[in-house]
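Hi everyone, thanks for coming. Today I'd like to walk you through how the strands pair up in this one, so have a look at the screen.

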Amino acid sequence: MRPLTSSPLTFGAFFFLCVLSPFSCRSQEDDTACLQEIKQSLDDPLGYLSNWVFESNAAGYMCKFYGVKCWEADQSRVFSLSLSNCSLSGEFPMGLSKCSSIRKLDLSLNRFHGVIPTNSCSMTPGLTSFKLSWNNFSGGISNNLTDCAQLEELDLQHNQLSGIIPWEIGLLPNLTSFDASYNNFAGQIPDTMTSRAAINQSAFPASSFIGNPGLCGAPLNNTCVGM
């Protein structure tokens, strides 16, 4: 009996697939590395990530990790990462750059600190939900958040963020939920946040901006002076 071998056609088809979609050929390796780096970068005093054990070669094994949801149960492609209220601490996890297919990220109600990287959305361009609320993030937010072109929800409330709110964020065509309340933002609220008819979206309410003493203009009641 002749041994089974891969035909040139089969190899060629595989090679062609990798050229067209290199992610499909390396997604398992990349997403595993993503979670490994995230775990290594965080302080996890309550052990929520204790079942993140990288000792299996079984397809989709990491889909059973706490907070991880995969696109398919038998594939190691992360669809969402929900680590809300886990008492985690550390800076924004840069390992996310290797979860290239992630769509939803929830790091709310933790003890994260430091700045939100300016390239956070270029690392995760497919995000539709981005939740960083109730942490200790500081510094400004970048207009590069528009690299998350599919973003529907952006929750930044209850941090220590400062500076202006980039007007470009209001132009995100799918963004229907935005909350920057209870930070240290200052300046005039961009018109793109209050006049969104051009992109067929509703204006964001005053509740999205309250708790920032330095912010002024509609939809808040305080008038901007000298701007």
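Strand S9, residues 160-163, runs parallel to strand S11, residues 184-188, and two bridges join them. Strands here are DSSP runs of E with at least two residues, numbered from the N terminus, and two strands pair if DSSP finds at least two bridges between them. Gly-163 has Phe-185 in S11 as its bridge partner.

A quick word on what you're seeing: this is a predicted model, where local features need pLDDT of at least 70, side-chain atom pairs count only at pLDDT 80 or more, and totals for chains, interfaces and linings use all residues. Residues are numbered from 1 along each chain as its sequence is written, and side-chain values use heavy atoms, with hydrogens and water left out.

Back to S11: three bridges connect S11 to strand S12, residues 214-216, again in parallel. There, Gln-188 sits opposite Cys-216 in S12.

Now look at S5, residues 111-115. Strand S3, residues 89-90, pairs with S5 in the parallel sense over two bridges, and Ser-89 stands opposite Arg-111. S5 also pairs with strand S7, residues 136-139, over three bridges, parallel once more. Here Val-115 has Ser-138 in S7 as its bridge partner.

And what is the order of strands in the open sheet? Six strands form that sheet, running S1-S2-S4-S6-S8-S10, with mixed pairing. At the edges are S1 (68-70) and S10 (177-179), each pairing on one side only. Within that sheet, S4 (residues 104-106) and S6 (residues 129-131) run parallel, joined by three bridges, and Leu-105 is partnered with Phe-130.

Definitions and conventions:
Helix = DSSP H or I, 4+ residues; strand = E, 2+ residues; numbered from the N terminus.
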